[in-house]
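Got a minute to go through a structure together? Let's take a sheet and a pair of helices and see how to read each.

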Amino acid sequence: MKLLNKTTISLFLSLIPVFIISGFILFLIINQQINENEDESLLARKNIIVENLRTSGDAKASYLKDADNDVDIRLAAISLPFGNTFKDTMVYDSSEMELAPFRQLKSVFKINNNTYELSITHSNIKTDELAESISIALAIMFALILIVVVSINRFVSRKLFSPFYFTLDKLRNLSFSDAEPFQIQNTTTKEFQDLNIVLNSMTNKLFTDYKSQKQFTENASHELQTPLAIIKTRMDVLMQDVHLSEESMEQIQEIEKAVNKLSHLNKSLLLLTKIENGQFNDHSYIELSALTDKTIFAFEDSIRNKSISLTKDFNISVELNMNPILADILISNLLQNSIRHNWENGVVKIKITENCFSISNSGNPLLGKEEMLFNRFTKFNPAVESIGLGLSIVKQICDYYNFKIIYGHTDALHKFEIFFN
Amino acid sequence: MKILIVEDERSLLEVIVKYLSGEGYICDTAEDYHTASDKIQHYNYDCIIVDINIPNGSGFQVIEDLKKVNLESAILIISAQHSLEDKIKGLQLGSDDYLTKPFHLPELNARIQAILRRKRYDGSNILVFNEIKIDLLAKRAFANDKELLLTLKEYDLLLYFLSNKNRIISKSAIVEHLWEDNVDQADTYNFLYTHIKNLRRKLLENGCADYIRTIYRMGYTFKTT
């Protein structure tokens with residue numbers, strides 16, 4: 001739920017009791033005011049009646065009789081105390097045909113040695129009607145406030161929150177491979193300023209860390225090349241020694257193998273880092289079919305060795321704007337993968353269409369999770385001699401060129417498809 | 001044949017000198033830009049081997065300086081950077097080849113011979129060794145004037161052996177030469193065995209001496225003596 005909706009809702013939830021309580025207080029005040037007024041007018045009436053009674057001496061003639069019999073005057077027992085008492089009572093209202101609230105004044109007084117008991121009633125404004133009116137008025141106010149607050153919120157928030165959404169958008173699209181550092185829109189809101197300051201310093205740190213990390217990998221790989229070159233060349237010279245025993249020769253051979261593996265690994269890591277660093281900027285148009293044919297030719301020994309039958313399904317010319325080295329590596333890694341994990345007498349099918357390169361091969365089902373396929377140093381089959389970087393290099397190259405690579409397993413064939421934009 | 005080697009890593013420099021001297025070259029060395037530039041001004045070299053990253057300057061500067069005084073020298077770049085840009089830049093400056101570190105010495109030797117041949121023969125590229133004759137342009141090999149019908153790999157292999165005669169060449173050096181990084185290691189040793197067997201058979205069938213010898217567990221040698 002949006003922050004704005006949340007604040008609006010909590011605002012209204014807290015406003016509801018406020019309105020109810022204030023409505024109740026309003027009701028009490030108004031009710032009391034009305035009663036006071038009533039009482040004053042009842043007293044005034046009583047005074048007129050008392051005056052009339054004193055001059056005429058006739059109780060019946062002292063007031064105007066009306067339909068509701070609202071005045072009742074009689075001789076009272078002596079024991080009653082003198083004075084005025086007010087009370088609320090329910091009386092049958094003939095006009096409304098129901099019991100209605102009435103205000104009643106009971107007064108006991110003495111005129112010409114006679115003690116009279118006077119009762120005057122007057123129809124009261126119904127309290128429930130009053131409460132109802134107040135509620136309606138408050139409800140209308142509430143609705144009006146709601147509409148105004150919501151629309152102001154919408155309007156203002158779009159302006160107020162725009163730096164926030166801008167920042168959010170920037171963060172969402174944050175990519176470490178971008179050369180440009182994180183830039184945030186200026187804002188006058190204190191909270192967003194703070195947020196931006198924190199985010200800025202955080203991303204700057206991340207960027208520098210990332211850069212130095214990359215730099216480190218690259219430097220380390222580079223620095224390794226020279227000692228590797230020394231080992232390799234020294235081995236070449238060492239081998240020329242005619243006095244070597246068979247035992248030593250065997251040792252040398254094993255060292256050679258390890259050094260080769262190391263230098264291959266180092267080259268691959270260097271390659272990955274260089275792709276990540278975007279250091280392959282020189283692009284030219286690569287004819288995909290020709291490149292594929294060339295790569296197949298380079299692998300002819302391996303293909304023949306496993307008696308793999310290779311089917312080519314491409315007769316259109318597809319040109320990709322790529323770095324030649326990367327294009328070469330992309331196709332040869334995929335082909336190598338399809339041969340390496342294939343059976344004897346297996347099949348490899350290569351298909352090129354206008355926007356897709358697909359290569360499928362027979363072979364044992366994946367021994368690991370499909371999501372792990374493109375991870376570095378993933379080797380599902382330890383028996384196969386590889387360092388586990390081939391496919392992650394493929395993925396990296398695809399990412400670099402915004403190609404989409406999909407792995408699938410259909411008709412007992414492993415299939416990699418690369419879609420160009 | 002005089003060669004100048006410009007390389008700042010002394011251990012590597014030494015071993016290159018040792019190997020190339022054994023091949024009959026007269027080797028001179030320089031470990032930084034100033035020395036290299038100085039030597040180029042004063043002496044004539046048939047070939048210079050130059051590293052890109054050297055103290056006080058770069059290998060590219062050395063090539064530029066060389067081109068001002070001597071257009072004849074063959075130039076081979078050795079670099080830790082496997083970079084197309086550097087390769088292209090080197091070629092534009094007039095270098096003849098580019099070798100990425102780490103490399104095998106027989107590979108370096110083969111490359112030097114190839115560029116020297118190109119410089120010397122100026123197009124008419126025929127390489128003769130005893131009864132073997134190789135037409136480098138047509139990529140065809142002959143034994144006693146009869147064509148050896150070699151596959152591309154066998155042809156490469158023969159040429160590589162001829163460049164490194166009487167040297168023990170490790171299997172991995174040959175594999176790297178023939179397949180570069182393309183094929184996985186385990187299989188390629190078997191492929192190599194097959195290719196060598198076939199080349200040897202073809203040479204023998206066409207009346208050549210049995211030059212190719214297997215060195216137990218390590219590699220092969222092209223024995224001429």
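What follows is a short dialogue about a predicted model.

Q: Let's begin with the sheet. In what order do the three strands of the open sheet in chain B come?
A: Read across the sheet, and you get β12-β14-β13 of chain B, with antiparallel pairing.

Q: Why is one side of β12 and of β13 of chain B left without a neighbour in the sheet?
A: β12 (168–170) and β13 (212–215) of chain B each have a single partner strand, so they stand at the edges. As for twist, neighbouring strands here are turned by 30 degrees against each other on average, ignoring direction.

Q: How many bridges join β13(B) to β14(B)?
A: Four, with β14 covering residues 219–222 of chain B. One pair to look up is R213(B) with its bridge partner T221(B).

Q: Which helix lies across β12, β13 and β14 of chain B?
A: That's α6 (residues 152–163) of chain B, running at about 70 degrees to β14(B). Helix α7 (residues 171–179) of chain B also packs on the sheet, where it touches β12 and β14 of chain B and makes about 65 degrees with β12(B).

Q: Now the helix pair. What describes two packed helices?
A: You need the angle between their axes and the distance between the axes. For α2 (residues 33–42) and α3 (residues 59–69) of chain B, the axes come within 9 Å and cross at roughly 10 degrees. Angles under 35 degrees count as roughly parallel, and α2(B) and α3(B) are therefore roughly parallel to each other. Their crossing is right-handed.

Q: Which residues of α2(B) and α3(B) make the contact?
A: Among them are Y33(B), A36(B) and I40(B) from α2(B), and V62(B), L66(B) and V69(B) from α3(B). By class, the contact has six nonpolar, three polar and one charged residues.

Terms used
Residues numbered from 1 in each chain as written. Chains lettered and ligands numbered in written order. Predicted model: local features only at pLDDT ≥ 70, side-chain atom pairs only at ≥ 80, totals over all residues. Heavy atoms only, no water. Pairing = 2+ DSSP bridges. Helix = DSSP H or I, 4+ residues; strand = E, 2+ residues; numbered from the N terminus. Axes fitted to C-alpha atoms, helices over the stretch in contact; angles between N-to-C directions. Contact = heavy atoms within 4.5 Å. Parallel < 35°, antiparallel > 145°, perpendicular 65-115°, else oblique. Left-handed = near helix turned anticlockwise from the far one by under 90°. Nonpolar A, V, L, I, M, F, W, Y, C, P; charged D, E, K, R; others polar.
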